[in-house]
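Colleague: Before I use this model, I'd like to hear the reasoning behind some of its labels. Could you put it up and take me through them?

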Amino acid sequence: MKYVKYLIVGVITQFLFACNSLDLSPEDYFGAGNFWKNETQVERYVLGLHSDLRDAYSTFYLLGEARGGTSKSGTSFVGTSLDNSSPIKTNTFSRHLTGVTNWGGLYAKVLNVNLLIERLETECSFLSESSRSYYLGQAYGLRAFYYFWLYRTYGGVPLVEDPEVINGVTGAETLYRARSSAKETMDFIKENLRLSEQYFGENWMSKKEKGMWSKAATLVLKAEVYLWSAKVTTQDQKPEATDIQTAKNALQLLYGRFSLQSSFANVFTYENKGNDEIILAIRFEDGEMENNIRNFIYSPELFYMQFYDKEGEVMNDPLNSRGTGLLRHEYKWGLFAAMDDEDTRKYATFLDCYNEDGSAAGIVLRKFMGLINTNGNRVYCDDYVLYRYADVLLMLAETANMEGGDVAYYLNQVRQRAYGEKYNGSLHGYVNGSFGENELAILKERDKEFVWEGKRWFDLVRLQDDQHRSLAFSPSANYDDPSSVLKENEAYKLLWPIDVNTLSNDPKLVNNPGYEQ
């Protein structure tokens with residue numbers, strides 16, 4: 001992995017030298033020689049790892065949602081060019097058209113986690129055993145998290161467990177890494193989860209208003225990993241019979257420990273960060289860092305006084321965007337249309353826009369609008385939610401379906417919150433059907449629940465029809481298109497191609513089948 005070497009050295013050097021404002025040492029910066037000397041430094045390093053996590057949120061959207069069949073490609077309804085249309089949103093991948101490069105930048109973050117693990121296991125004698133275990137629980141959880149993203153995206157990947165580059169190891173032959181098999185990669189992820197859970201023990205502490213990794217985050221990731229392992233065949237990694245029970249056991253430890261917010265819209269509001277539904281969120285703050293939701297909001301000069309609401313009234317700035325939108329991403333109208341008007345998620349998630357003749361024009365995301373700050377500016381600083389309790393309930397529905405159990409019991413808890421006071425079990429409740437019907441219902445519920453939360457593509461791959469084929473190949477799972485998201489002869493596209501530059505820089509690497517030429 002020679003191509004990673006210089007990147008990682010730069011990342012670590014930047015991190016160590018960026019701490020001069022902390023004033024924790026007589027030196028004017030934290031260099032490698034005077035770091036790892038006290039717990040405050042360790043805590044700051046862990047905060048840095050979560051800054052890494054925040055830097056990756058847009059990658060999570062691209063890898064986990066953009067290609068899932070709910071996003072428009074080409075041109076928006078106001079005429080702006082939509083980002084990531086080809087190859088991601090259109091699933092037109094090739095060896096020379098990969099959408100992301102250099103493994104999505106995730107190895108830089110893995111290397112930083114590796115350094116923490118090495119230092120905690122070989123140095124840091126000043127830490128109490130409980131503190132060391134807590135930090136190791138976080139580190140192994142984060143490493144499993146990053147590798148699970150890599151695994152679902154590429155299959156088997158190079159397994160880098162040590163910070164050789166950071167420790168000064170040189171020589172291209174030493175740093176080149178071949179891809180491990182898919183099974184080896186999945187086994188590695190599971191082992192990291194085991195270690196994370198072991199180190200956390202009974203410590204359920206969640207710092208920074210659910211903005212830092214915790215035991216609960218490890219458990220929901222464990223459930224997600226074992227659900228995937230139980231249902232998705234990837235290269236030599238085959239489903240294992242015991243994996244569903246392992247996923248269910250992890251979810252049962254979370255069941256009832258968290259709770260759904262009474263209002264769907266309140267889950268994401270700036271004033272309600274770290275609420276009882278949140279398990280793990282990437283933190284954004286006014287005055288510190290914003291997310292990229294402005295790219296999902298209408299472009300003012302192309303929108304104002306050009307479109308109409310459903311009552312036929314011309315719209316100016318209905319979301320009070322203060323002229324900040326760019327509209328580089330747009331969701332498909334069919335996703336909006338699939339939601340009942342009585343489902344509160346419909347209008348809490350989208351603003352629907354019409355032409356003068358009343359025909360549908362397009363929809364705008366309104367779910368993560370942030371706030372108007374004290375300076376009168378619209379700032380997009382709602383958190384990017386990685387895991388929340390609704391996910392636990394819907395994964396429990398999925399485990400129930402795999403076991404022939406009561407899917408509706410869990411799915412209807414999410415529906416009841418969505419419809420609120422208007423919920424009528426006979427009208428809005430789900431009634432258990434066949435295996436494939438249940439899987440499609442779970443997918444559609446997740447579609448309504450998790451817009452812009454980076455889940456739809458992976459849900460589409462994991463959930464199955466009655467013949468246990470991925471719903472990526474089912475027309476019933478697509479929107480605004482009578483065909484499936486992937487064609488039957490495109491099964492190789494379940495995995496992404498590795499970009500040519502990455503392959504050229506490491507002669508030990510080979511591409512995924514289907515992308516060789």
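**Labels and their cut-offs**

Modeller: α6 passes α9 in a left-handed crossing. One caution before the rest: this is a predicted model, where local features need pLDDT of at least 70 and side-chain atom pairs count only at pLDDT 80 or more, while totals for chains, interfaces and linings use all residues. Residues are numbered from 1 along each chain as its sequence is written, and side-chain values use heavy atoms, with hydrogens and water left out.

Colleague: What makes a crossing left-handed?

Modeller: The near helix has to be turned anticlockwise from the far one by less than a right angle; clockwise would make the crossing right-handed. Helices here are DSSP runs (H or I, at least four residues), as are strands (E, at least two), numbered from the N terminus.

Colleague: Why is α6 called roughly parallel to α9?

Modeller: Helix α6 (residues 129-154) and helix α9 (residues 215-231) pack at an angle of about 30 degrees, their axes being 10 Å apart. Angles under 35 degrees count as roughly parallel, over 145 as roughly antiparallel, 65 to 115 as roughly perpendicular and the rest as oblique. So α6 gets the label roughly parallel to α9. The axes are lines fitted to C-alpha atoms, for helices over the stretch in contact, and angles run from 0 to 180 degrees between N-to-C directions.

Colleague: Which residues of α6 and α9 meet?

Modeller: On the α6 side they are G137, G141, A144, F145, F148, Y151 and R152, and on the α9 side T218, L221, E224, V225 and W228. Contact here means heavy atoms within 4.5 Å. The residues of this α6 and α9 contact divide into seven nonpolar, three polar and two charged. For that split, Ala, Val, Leu, Ile, Met, Phe, Trp, Tyr, Cys and Pro are nonpolar, Asp, Glu, Lys and Arg are charged, and the others, Gly among them, are polar.

Colleague: And what makes α3 oblique to α6?

Modeller: The axes of helix α3 (residues 57-66) and α6 come within 11 Å and cross at roughly 40 degrees. That angle falls in none of the named ranges, so α3 is oblique to α6. F60, L63 and G64 in α3 meet F145, Y146, W149 and T153 in α6.

Colleague: How do you know that R417 and E277 form a salt bridge?

Modeller: Their closest N and O atoms are 2.8 Å apart, and the rule asks for a side-chain nitrogen of Lys or Arg within 4 Å of a carboxyl oxygen of Asp or Glu. R417 lies in helix α15 (residues 407-419) and E277 in the loop between α10 (243-254) and β1 (278-282), so the pair ties together parts that are 140 residues apart in sequence. The whole structure has 38 salt bridges.

Colleague: Are R417 and E277 buried or exposed?

Modeller: Buried means under 20% relative accessible area, exposed over 50%, and partly exposed in between (1.4 Å probe, protein chains only). R417 has 7%, so R417 is buried, and E277, at 0%, counts as buried.

Colleague: What about R469 and E488?

Modeller: R469 forms a salt bridge with E488, with the closest N and O atoms 4.0 Å apart. At 40% relative accessibility R469 counts as partly exposed, whereas E488, at 52%, counts as exposed.
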